[in-house]
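Here are a few short exercises to work through with the model open beside you. Try each task before you read its solution.

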Amino acid sequence: MPTYRVAAAGLEAMQVNVPGCSGDALSLALGPLGLSDFRVERRSQDGRQWFFQATFKPGGIDAPAAGLVTRLVSVDRILD
């Protein structure tokens, strides 16, 4: 089962094991933090690193008054 590293500014990097793709790893890691939706920004030439624009619900990662928060998130496939 592949292992992914999920990292974003202001959040502690996480490692997750998931049989699916980088988007599945992103959802598994950040879903509990209020992940609302995400879209692919770009991927590395070798296909092992993906960058997403991830949107979080109010209060998920910042104060509720901040409203929706969008962060650039990298997802690296570190183990096949």
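**Exercise 1: How confident is the model?**

The protein chain averages a pLDDT (the predictor's confidence in each residue, from 0 to 100) of 93, and 96% of the residues score at least 70. This is a predicted model, where local features need pLDDT of at least 70 and side-chain atom pairs count only at pLDDT 80 or more, while totals for chains, interfaces and linings use all residues. Residues are numbered from 1 along each chain as its sequence is written, and side-chain values use heavy atoms, with hydrogens and water left out.

**Exercise 2: Trace the fold**

Find the order of the elements from the N terminus on.

Solution. Start by counting: there is one helix and there are five strands. These are DSSP runs numbered from the N terminus (helices: H or I, at least four residues; strands: E, at least two). Now walk along the chain, and you get β-β-α-β-β-β.

**Exercise 3: Look inside**

Work out which elements give two or more residues to the largest nonpolar core.

Solution. First, the term: such a core is a set of buried Ala, Val, Leu, Ile, Met, Phe, Trp, Tyr and Cys residues joined through side-chain atoms within 4.5 Å, with buried meaning under 20% relative accessible area (1.4 Å probe, protein chains only). Next, the core itself has 17 residues, and Val6, Leu26, Leu30, Val73 and Val75 have the most contacts (heavy atoms within 4.5 Å) inside it. The elements you want are strand 1 (3–8), helix 1 (22–30), strand 4 (49–56) and strand 5 (69–79). Helix 1 gives the most, with four residues.

Definitions and conventions: Buried means under 20% relative accessible area, exposed over 50%, partly exposed in between (1.4 Å probe, protein chains only).
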